[in-house]
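Please walk through this structure with me, beginning with how its strands are paired and ending with the spaces between them.

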Amino acid sequence: MMRLRSLSRQSFARASKKVGSALRGRTSVRPASFARRALCTAMAGGSAGAGILGNPTWQQTMLRVKDGQTSVKHYQDVYGMTLLDKLDFPDMNFSLYFLATVKDGEKTPEPGTDEAHRYLWNYPGVTLELTHNWGTEAKEGDVYHPGNQEKDGFGHIAFACDDVYASSERLSSQGVDFKKKPDEGRMKGLAFAYDPDNYWVEIVRREPMNSTSFNLAQTMLRVKDPQKSLKFYIDHMGMTLVREKHFEEAKFSLYFLATIPAGSTEPDPTQPVLELTHNHGTEDDESFNHFTGNEDGRKGFGHVGFLVDDVYAKCKELQDAGFQMKKGPDDGTMKGLAFALDPDGYWIEIIKRGGYDAEATPYTLG
């Protein structure tokens with residue numbers, strides 16, 4: 001457990017004020033989770049992930065896409081994302097595109113350069129990683145499974161905006177199709193759009209920023225047992241439970257987790273949360289499991305990824321805690337990066353922060 005410094009009354013008051021700021025506007029925050037941890041963090045003078053082995057920070061959500069260029073253009077033109085980097089693997093016939101919501105005026109390197117690689121693998125925020133397997137763009141019809149069928153685990157990504165209604169009208173004018181418009185259904189004021197691969201993209205309202213822009217806001221995964229999942233992401237991956245909502249009549253709960261930025265005690269409102277959705281009762285069904293997006297015939301969502309200081313040490317810690325590895329850091333040809341399995345079997349990529357060489361390559365070939 002994090003050791004706390006001795007505080008004066010003034011320091012304690014400042015810490016409490018920071019926690020209060022973090023809680024304002026979050027009607028369903030549970031003080032026993034976020035408030036206590038944030039207060040302890042503020043008192044210790046560090047970030048909420050301090051003290052977790054490897055200093056893990058959430059860095060990516062990966063989706064497979066049929067046509068890389070089409071999808072990149074969609075997220076750039078429709079949601080205002082910035083392409084941080086592009087990585088091509090001609091020997092394995094695939095490319096990776098990393099996009100993010102960057103702050104106004106922030107300069108980013110030219111994608112594909114060594115500078116961009118270094119920027120990406122030290123990036124403190126969350127990226128959307130689009131994986132394009134070469135040749136799929138020439139295939140007819142849908143190539144990947146967007147989720148949201150029976151027992152699918154992946155639900156959606158989301159973007160936040162000041163005005164869901166105005167933003168939805170703007171998307172419609174750009175030719176974007178919708179699963180649900182903001183006035184449809186029982187839940188008014190939120191919408192679900194489709195991307196080029198028919199992944200669901202939720203459009204949600206944020207605290208006003210006097211901007212017509214979007215920011216990447218969520219990745220939603222369904223979980224079988226929230227207590228097991230929360231323990232994994234909080235105790236091992238350094239995330240903080242910032243909000244939870246329970247719908248007893250509808251029999252489901254939502255848990256929102258974030259990586260708290262270094263030196264802060266509250267989430268960055270421009271960065272996304274990991275939304276874990278629990279349908280009540282699944283934890284009691286021994287035979288129940290979600291599809292993770294990596295099964296034959298259901299591939300689409302791939303993984304979430306975390307940067308860490310030491311991949312080998314982090315993997316050993318996870319294995320010692322009883323978690324399985326999909327790929328150990330010395331397995332395969334790409335050494336030094338790994339995939340763990342969370343309690344639901346979702347793939348969790350473990351990536352070396354800053355990489356292993358001057359170009360920040362997050363693996364070595366062997």
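Which residue in E12 is the bridge partner of Ser253? In this predicted model, where local features need pLDDT of at least 70 and side-chain atom pairs count only at pLDDT 80 or more, while totals for chains, interfaces and linings use all residues, a little bookkeeping comes before the reply. Residues are numbered from 1 along each chain as its sequence is written, and side-chain values use heavy atoms, with hydrogens and water left out. The bridge partner of Ser253 is His278, and this bridge belongs to the pairing of strand E11 (residues 252-258) with strand E12 (residues 273-279), which is antiparallel and extends over six bridges. Strands here are DSSP runs of at least two residues, labelled E, and helices are runs of H or I with at least four, both numbered from the N terminus; two strands are said to pair if DSSP finds at least two bridges between them.

E11 and E12 are members of an open sheet of eight strands, which follow one another in the order E6-E7-E8-E5-E9-E12-E11-E10 with mixed pairing. Strand E6 (178-180) and strand E10 (240-247) are at the edges and have a single partner strand each, so one side of each is left without a neighbour in the sheet. On average, neighbouring strands of this sheet are turned by 25° against each other, with direction ignored; the axes behind such angles are lines fitted to C-alpha atoms, for helices over the stretch in contact, and angles run from 0 to 180 degrees between N-to-C directions. In a regular strand the side chains alternate between the two faces of the sheet.

Within the same order of strands, E8 sits between E7 and E5, and strand E8 (residues 200-205) contains Glu202. UniProt lists Glu202 under "active site" in an unreviewed entry, and the annotation "binding site", likewise from an unreviewed entry, covers Gln60, Glu129, His156 and Glu202. UniProt positions are given in the numbering used here, feature names are shortened, and annotations may be inferred rather than shown by experiment. Glu202 is buried, with a relative accessible area of 8%, where buried means under 20% relative accessible area, exposed over 50% and partly exposed in between, computed with a 1.4 Å probe on protein chains only. Glu129, which is found in strand E4, is also buried, at a relative accessible area of 4%.

A second group of pairings centres on strand E13 (301-308). E1 and E13 pair in the antiparallel sense over six bridges, with Leu307 in E13 as the bridge partner of Thr57. E13 and E17 run parallel and are likewise joined by six bridges, and here Gly305 has Glu349 in E17 as its bridge partner. Eight of the eight residues of E13 are buried, so this strand is largely enclosed by the rest of the structure.

These strands also contribute to the second largest pocket, which holds about 580 Å³ of space. A pocket is an open set of points on a 1 Å grid over the protein atoms alone, with protein on both sides within 12 Å along at least five of seven lines, whereas a cavity is a set of points where a 1.4 Å probe fits but cannot get out; lining residues have an atom within 4 Å of a point. Grid points are joined across faces, edges and corners, and a volume is the space filled by probe spheres set on the points. Of the 27 residues that line this pocket, Phe94, Leu96, Met334, Phe339 and Glu349 lie nearest its centre. Two or more lining residues come from each of E1, strand E2 (82-89), strand E3 (94-100), E4, E13 and strand E17 (347-352). The lining comprises 15 nonpolar, eight polar and four charged residues, where Ala, Val, Leu, Ile, Met, Phe, Trp, Tyr, Cys and Pro count as nonpolar, Asp, Glu, Lys and Arg as charged, and the others, Gly among them, as polar. Of the residues annotated as "binding site", Gln60 and Glu129 are included in this lining.

The structure also holds two cavities of 30 Å³ or more. The largest cavity has a volume of about 60 Å³, and its lining divides into three nonpolar, six polar and two charged residues, among them His145, Asp152, Arg298 and Phe301. The second largest cavity contains about 40 Å³ of space, and its lining has six nonpolar, four polar and no charged residues. Strand E1 (57-65), strand E4 (127-133) and strand E9 (215-223) each supply at least two residues of that lining, and E9 gives the most, with three.
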